[in-house]
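Here is a walk through one small set of coordinates, told residue by residue. Keep the viewer open and follow along.

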Amino acid sequence: MTRVINGLGDRMLGALLRTAEAGACVPENGQSCGTVTCSGGYCASDGRWYQKYCKAKFNCYGSCLSTGVFDRYQRTQAVC
């Protein structure tokens, strides 16, 4: 009986919500959220690893993702 009721409820919701509404992204979508690590880096003559950082923006779901645009290298504590 529960399965029948759940199925009926799903069909009713499906009839009401046939299309996704426009503008469903978070308000920050497309805005800068700073920098994130990119793949890559280099080992400098001082024996330290320098990590590559790229600019980042919020996506539709609010996650901060890399744009792939280089920003800077930053020295880390890692030795190489």
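What percentage of the 80 residues in the protein do buried residues make up? The figure is 10%. Bear in mind throughout that this is a predicted model.

**The overall layout**

The protein has 1 helix and 3 strands, and reading along the sequence gives the pattern α-β-β-β. Strand S2 covers residues 48–58, and strand S3 covers residues 64–79. Take the contacts in the protein with a separation of 6 or more: 42% of them are between residues 24 or more positions apart. As for the outside, the accessible surface comes to about 6,300 Å², and carbon and sulfur atoms hold 55% of that.

**Gln 51, a buried polar side chain**

Start in strand S2, where you'll find Gln 51. Is Gln 51 buried or exposed? Its relative accessible area is 16%, and the cut-off for buried is under 20%, so Gln 51 counts as buried. What does its side chain do in there? A polar atom of the Gln 51 side chain lies 2.8 Å from the backbone oxygen of Cys 38. The side chain also makes a polar contact with the side chain of Trp 49, at 3.3 Å.

Setting aside residues up to four places away in sequence, Gln 51 touches Thr 37, Cys 38, Gly 40 and Gly 41, along with Arg 72, Tyr 73, Gln 74 and Thr 76. Cys 38 therefore turns up twice, as a residue that Gln 51 touches and as the owner of that backbone oxygen at 2.8 Å.

**Asn 59, in the loop**

Now move on to the loop between S2 and S3, which is where Asn 59 lies. With a relative accessible area of 19%, Asn 59 is buried too, because the cut-off is under 20%. Which backbone atoms does its side chain reach? One is the backbone nitrogen of Tyr 61, at 3.0 Å. Another is the backbone nitrogen of Ser 63, which lies 2.9 Å from a polar atom of the Asn 59 side chain. Leaving out residues up to four places away in sequence, Asn 59 touches Val 26, Asn 29 and Leu 65.

**The aromatic rings**

On to the rings. A pair of aromatic rings is described by the distance of the centres and the angle of the planes. The count here comes to 3 aromatic pairs. One of them joins Tyr 42 and Tyr 50, with 5.2 Å centre to centre and 10 degrees between the planes, and this pair is stacked. Phe 70 and Tyr 73 make another: their ring centres are 5.1 Å apart and their planes sit at 50 degrees, so this pair is tilted. Ring pairs link Tyr 42, Tyr 50, Phe 70 and Tyr 73 into a cluster.

How accessible is each member of the cluster? The table sets out the values.

| Residue | Relative accessible area | Class |
|---|---|---|
| Tyr 42 | 36% | partly exposed |
| Tyr 50 | 18% | buried |
| Phe 70 | 41% | partly exposed |
| Tyr 73 | 39% | partly exposed |

Tyr 42, Phe 70 and Tyr 73 also form a nonpolar patch on the surface, with about 290 Å² of accessible area together. Why is Tyr 50 not part of the patch? Patch members need over 30% relative accessible area, and Tyr 50 has 18%, so Tyr 50 does not qualify.

**Charged residues**

Side chains of opposite charge can pair when their charged atoms come close. How many salt bridges does a search of the whole structure find? It finds 1. The side chains of Arg 72 and Asp 71 meet in a salt bridge, at 3.0 Å from N to O. Arg 72 is partly exposed at 30%, and Asp 71 is partly exposed at 31%. Arg 72 is also among the residues that Gln 51 touches.

Finish with Arg 75, which lies in strand S3. Its relative accessibility is 47%, so Arg 75 counts as partly exposed. Leaving aside neighbours within four places in sequence, Arg 75 is in contact with Asp 46, Arg 48, Trp 49 and Tyr 50. Its C-alpha atom is separated by 9.2 Å from that of Ala 44, a residue 31 places apart from Arg 75 along the chain.

Notes. Residues are numbered from 1 along each chain as its sequence is written. This is a predicted model: local features need pLDDT of at least 70, side-chain atom pairs count only at pLDDT 80 or more; totals for chains, interfaces and linings use all residues. Side-chain values use heavy atoms; hydrogens and water are left out. Helices (H or I, at least four residues) and strands (E, at least two) are DSSP runs, numbered from the N terminus. Buried means under 20% relative accessible area, exposed over 50%, partly exposed in between (1.4 Å probe, protein chains only). A polar contact is a pair of N or O atoms within 3.5 Å; within protein, one must be able to donate a hydrogen and the other to accept it, and residues adjacent in sequence count only if both atoms are side-chain atoms. Contact means heavy atoms within 4.5 Å. Accessible areas come from the Shrake-Rupley method with a 1.4 Å probe; for residues, only the protein chains shown count as cover. Patches are made of residues with over 30% relative accessible area and no salt bridge: like charges are joined within 9 Å, nonpolar side chains (Val, Leu, Ile, Met, Phe, Trp, Tyr) within 5 Å. A salt bridge is a side-chain nitrogen of Lys or Arg within 4 Å of a carboxyl oxygen of Asp or Glu. Rings of Phe, Tyr and Trp (its six-membered ring) pair if their centres lie within 6.5 Å; planes under 30 degrees apart count as stacked, over 60 as edge-to-face and the rest as tilted.
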